[in-house]
Structures are given as structure tokens and as C-alpha cells.
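Biologist: I would like to go through this model with you slowly, asking at each step how a label was earned. Could you show me the sequence and the structure before we begin?

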Amino acid sequence: MKNIPNYITLVRLILSVLLFFITDNWILFLVIYFVCGISDVLDGFLARKFKCQTKTGARLDSLADFIFCFAAFFRMLLSYRLTIPVPIVFGAILIALIRFINLYITRKKFGMPGILHTIGNKLSGIIFFFACPVAVILGYIPLWVIFIPLISSLEEAMILLKADIYNPDIRSYYHLSK
């Protein structure tokens, strides 16, 4: 029972890689896309409910999230020729830069790379999850997609700079002082 959330995460990781290769079947892409999204919610829920969270599971979940986002975004970008407004490009570069700095801070300060599971980061994931299919329908990536991820990446940096111990499950900057 303890490893079920990790198995679900591994399935998401495998399905995310498959998204790279689905080029001309929108229905199959959407089915796998939504299964990945549901599995992302389900693995964390089960791990918390049955108290079987592990450091390996948290890292595996972060890796699966990254691969899923990368695969889904680039497959949609390449297959559906989305228009990307210039502010989105600069915003995405800024967010990526902040996220890499956060990984560097985590590595230097706590001796391991990691991503925090803050409320802001979860909201960013939800926004990304729904924004990708919306972008394909609209034909472009809407500007609102970058606001919460930018704020959450900055919040994560502030948490990492202030924290004395690494807690990947911290909910927000506010919860750091509790």
C-alpha cells in the first residue's frame, strides 16, 4: 500500500513521455493528458490520506510534473502551431530563470535539489493544466497564464532564502513563520 502513490507517479511519468510522440491524434493526446492530470492529484491525495509520503515520492512527483509540463507544452506548441505573445515568452524565461535559481538555492543551502509544494505552485500547475487545452482551442497562449506561476516562483525564492530547514510541503511564505 505504501508504494501505490509512487506507482501512480511512475505511470504519469511514462505517460508524459508518451505525450512527446503523439503528433496527430488530438483525442488520444487529451485522454493521456487528462489521465496525467488526474494521476497528479490522486498520487498526492493517497500519499497524504494513508500517511505514506516519502522524500523519494516527493522528488518523483516533482520530476513527473516537470516532464509532463515540458512534454505537453512542447507537443502542443509543435503540433498545433500556437501563437506565443512576446510577453509570454519573456514571462516564461523569467519564471524558468527564477525556478533554476530556486533549485540552485535549495542545492546550496540544503544539500539537495527540490521544489516546494506550495499553494502557489499547486495553483500554477492547475493553471498550466487547463491553459494548454484552452491555448489549442484559442490558437494562442493567453497572457493570464504567467501571472500565478511568476508570483509563486518568487514566493518560493523568498521561502528558500528565509527557511532554516528544507520542508517541501510548506504551504506558503505565511506558513514559514508559524
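Biologist: Why does Phe 74 count as partly exposed?

Modeller: Buried means under 20% relative accessible area, exposed means over 50%, and partly exposed is what lies in between, using a 1.4 Å probe and protein chains only. Phe 74 has 32% relative accessibility, and therefore counts as partly exposed. Please keep in mind that this is a predicted model, in which local features need pLDDT of at least 70 and side-chain atom pairs count only at pLDDT 80 or more, while totals for chains, interfaces and linings use all residues. Residues are numbered from 1 along each chain as its sequence is written, and side-chain values use heavy atoms, with hydrogens and water left out.

Biologist: What makes 26-49 a helix, and how does the reach of α2 compare with what is expected?

Modeller: Helices are DSSP runs of H or I with at least four residues, numbered from the N terminus, and α2 has 24 residues. The expected span is 1.5 Å times one less than the number of residues; α2 reaches 34 Å from its first C-alpha to its last, close to the 34 Å expected.

Biologist: Why are Trp 26 and Phe 29 called a stacked aromatic pair?

Modeller: Rings of Phe, Tyr and Trp (its six-membered ring) pair if their centres lie within 6.5 Å, and planes under 30 degrees apart count as stacked, over 60 as edge-to-face and the rest as tilted. By this rule the count comes to 13 aromatic pairs. Trp 26 and Phe 29 lie 5.8 Å apart centre to centre with 10° between the planes, so they are a stacked pair. The two are three residues apart in helix α2, which means that about one helical turn separates them. Trp 26 is partly exposed at 26% relative accessibility, whereas Phe 29 is buried at 0%.

Biologist: What makes the pair of Phe 70 and Phe 74 tilted?

Modeller: Their centres are 4.6 Å apart and their planes 50° apart, a value that is neither under 30 nor over 60 degrees, so the pair is tilted. Both residues lie in helix α3, four residues apart, about one turn of the helix. Phe 70, like its partner, is partly exposed, with a relative accessible area of 37%.

Biologist: How do you know that Asp 43 is buried, and which side chain does Asp 43 join in a polar contact?

Modeller: Asp 43, which is in helix α2, has a relative accessible area of 3%, and is therefore buried. A polar contact is a pair of N or O atoms within 3.5 Å, where within protein one must be able to donate a hydrogen and the other to accept it, and residues adjacent in sequence count only if both atoms are side-chain atoms. The side chains of Asp 43 and Thr 9 are joined by such a contact, at 2.5 Å. Contact in the wider sense means heavy atoms within 4.5 Å, and Asp 43, leaving aside neighbours within four places in sequence, is in contact with Pro 5, Ile 8, Thr 9, Arg 12 and Asp 61.

Biologist: Why is Lys 2 called exposed?

Modeller: The relative accessible area of Lys 2 is 54%, so Lys 2 is exposed. Lys 2 lies in the segment before α1, and touches Cys 52 and Thr 54, not counting residues up to four places away in sequence.
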